[in-house]
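Let's take a friendly walk through this model together. Keep the structure open beside the text and turn it as you read.

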Amino acid sequence: MLVLGIESSCDETAAAVLEDHKVLSGLVASQDVIHSAYGGVVPELAARAHMERIAPLVREAMARAGAGPKDLDAVAVTSGPGLVVCLLVGLSAAKGLAFGAGLPLVGVNHLDGHMSAILADHEQGPPPYPHVGLVVSGGHTSLYLVSAPGEYRLLGQTLDDAAGEAFDKCAKLLGLPYPGGREIEALARTGDENAIPFPRPLMDRPDFNFSFSGLKTAVIKHWNECGRNETEKADVAASFQAAAIEVLVAKTMRAAREHKAAHVVVSGGVAVNEKLRTDFARAGESGEVEVRFPSPALCADNAVMIALAGARLASTGRTNSFDLSPRAAWRL
Ligand code: KG4
Ligand code: ZN
């Protein structure tokens, strides 16, 4: 099955062509430069950039895959959750192409996409079911029990900020550019993660929810009261990162134990973080749980993951009509 995937839910314009689980092309146009001046995503600027980029990007993805519209079996597009003005751009492009070529249109939930990224051509094959899936990104921190392909049960989620949002806010406080995740990670390498005992929010609660706003407040309070030199800055980055990751690892691994899942899949932009990957792998080894991650390029927003989820939906006839609308707060 040859599927074109389109993603435009936030600040990445992306297009990809997949043949079953094989990636024929995958392109992402990042908008980091546009939004960094504002310290966060400005929806109208993001939508305008999507509009400028989407047609050439789709054309290029098709050319690299050596495919024309008539070769495709379906067009998959993120239809939520996300910024409505941004989702509309991807949806319009997908509808135009699908209608013109007489192809089925498939609306994909962005979180389904993140959790499907692990299915991209992988020597290991797909992760066995049931497994526990954690999506940890700039907009989401959600933990699911995945009982079969596309069967998700929400176990817990953040009650306030997403983990990536906490990295971004902490970076902003320390004067680092947006997006802040990789900046914090780089700075943390030179700091002492045991220097400041930041709180581990909701760590001892029996549920699987997360909270990062209290941790952010503790970081702000510490930063306002300390000497603010370069050493302290690196220590704050390292200690914050250690606190955030410890909670993510502990709760996810406990969910795997309690639901008797021998596999955990972690995806989303924050899953690029090397300390997170190492700490998860270590916790998995000691608990006899195998932890898997999509490749870093497929953890952050991309269209390969949308094509993968779209192919699954299309193959079971779950296509959409052309009045498909964006759903800003679509819960999986
Ligand atoms: O999945 P993604 O590209 O977009 C959303 O769906 O939100 O995730 C972006 C988020 C941003 O908050 C960014 O700061 C964070 O992922 N991020 C990281 C790292 N690289 C990106 N967080 C921690 N460590 C990183 N290396
Ligand atoms: Zn995302």
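## Buried or not

A residue counts as buried when its relative accessible area is under 20%, as exposed when the value is over 50%, and as partly exposed in between. Arg 254 has a relative accessible area of 15%, so this arginine is classed as buried. Please bear in mind throughout that this is a predicted model.

## Overall build

The protein chain contains 11 helices and 10 strands. Its C-alpha trace spans about 60 × 45 × 30 Å along the principal axes. How does the radius of gyration of the protein chain sit beside the value for a compact globule? A compact globule of 332 residues would have a radius of gyration near 20 Å, and the protein chain agrees because its own value is 20 Å.

Of the 332 residues in the protein chain, 55% are buried. Among contacts with a separation of 6 or more, 73% join residues that are 24 or more positions apart. The surface that the protein chain exposes comes to about 13900 Å², and carbon and sulfur atoms supply 53% of that area.

## Around ligand 1

Now turn to the ligand. There are 19 residues around ligand 1, and those that come nearest are Gly 138, Asp 168, Glu 185, Gly 269 and Asn 273. By class, the shell around ligand 1 holds four nonpolar, 11 polar and four charged residues.

Several backbone atoms lie beside oxygen atoms of ligand 1. For Gly 139, a backbone N or O atom is 3.2 Å from an oxygen atom of the ligand. For Gly 164, the distance between a backbone N or O atom and a ligand oxygen is 3.1 Å. Asp 301 also places a polar backbone atom 3.1 Å from an oxygen atom of ligand 1. Ligand 1 taken alone exposes 560 Å², of which the protein buries 89%. Three elements give two or more residues each to the shell around ligand 1: α4 (110-116), α5 (163-173) and α6 (181-188).

## Two residues of helix α8

Helix α8 covers residues 230-258, and Arg 254 has its place there. Setting aside neighbours within four places in sequence, Arg 254 is in contact with Arg 205, Pro 206, Asp 207 and Phe 208.

Ala 244 lies in helix α8 too. What is the relative accessible area of Ala 244? The value is 2%, which means that Ala 244 is buried. Not counting residues up to four places away in sequence, Ala 244 touches Phe 167, Phe 212 and Leu 215. If you would like a sense of scale, look for Glu 19: Ala 244 and Glu 19 are 225 residues apart in sequence, and their C-alpha atoms are 37 Å apart in space.

## Thr 158 and its loop

Thr 158 is found in the loop between β8 (151-157) and α5. With a relative accessible area of 16%, Thr 158 is buried. Which backbone atoms does the side chain of Thr 158 meet? The side chain reaches the backbone nitrogen of Asp 160 at 3.2 Å, and a polar atom of the side chain lies 2.5 Å from the backbone oxygen of Asp 161.

Beyond four places in sequence, Thr 158 is in contact with Thr 141, Phe 210, Ser 211 and Phe 212. You have already met Phe 212, as Ala 244 touches that residue as well.

## Backbone details worth a look

Two cis peptide bonds deserve a visit. The bond from Gly 80 to Pro 81 is cis, with omega near -15°, and Pro 81 is found in the loop between β4 (74-80) and α3 (84-101). The bond from Tyr 178 to Pro 179 is cis, with omega near -5°. Pro 179 lies in the loop between α5 and α6.

Positive phi values come next. Arg 228 is not a glycine, yet its phi is positive at about 55°. Arg 228 is found in the loop between α7 (213-225) and α8, and its relative accessible area of 45% makes it partly exposed. Lys 260, a residue other than glycine, has a positive phi near 50°. Lys 260 is found in the loop between α8 and β9 (263-267). At 73% relative accessibility, Lys 260 counts as exposed.

Definitions and conventions:
Residues are numbered from 1 along each chain as its sequence is written. Chains are lettered from A and ligands numbered from 1 in the order in which they are written. This is a predicted model: local features need pLDDT of at least 70, side-chain atom pairs count only at pLDDT 80 or more; totals for chains, interfaces and linings use all residues. Side-chain values use heavy atoms; hydrogens and water are left out. A residue is near a molecule or strand if one of its heavy atoms lies within 4 Å of it. A polar contact is a pair of N or O atoms within 3.5 Å; within protein, one must be able to donate a hydrogen and the other to accept it, and residues adjacent in sequence count only if both atoms are side-chain atoms. Accessible areas come from the Shrake-Rupley method with a 1.4 Å probe; for residues, only the protein chains shown count as cover. Helices (H or I, at least four residues) and strands (E, at least two) are DSSP runs, numbered from the N terminus. Ala, Val, Leu, Ile, Met, Phe, Trp, Tyr, Cys and Pro count as nonpolar, Asp, Glu, Lys and Arg as charged, and the others, Gly among them, as polar. Buried means under 20% relative accessible area, exposed over 50%, partly exposed in between (1.4 Å probe, protein chains only). Contact means heavy atoms within 4.5 Å. The radius of gyration is taken over C-alpha atoms; the globule rule is 2.2 Å times the number of residues to the power 0.38.
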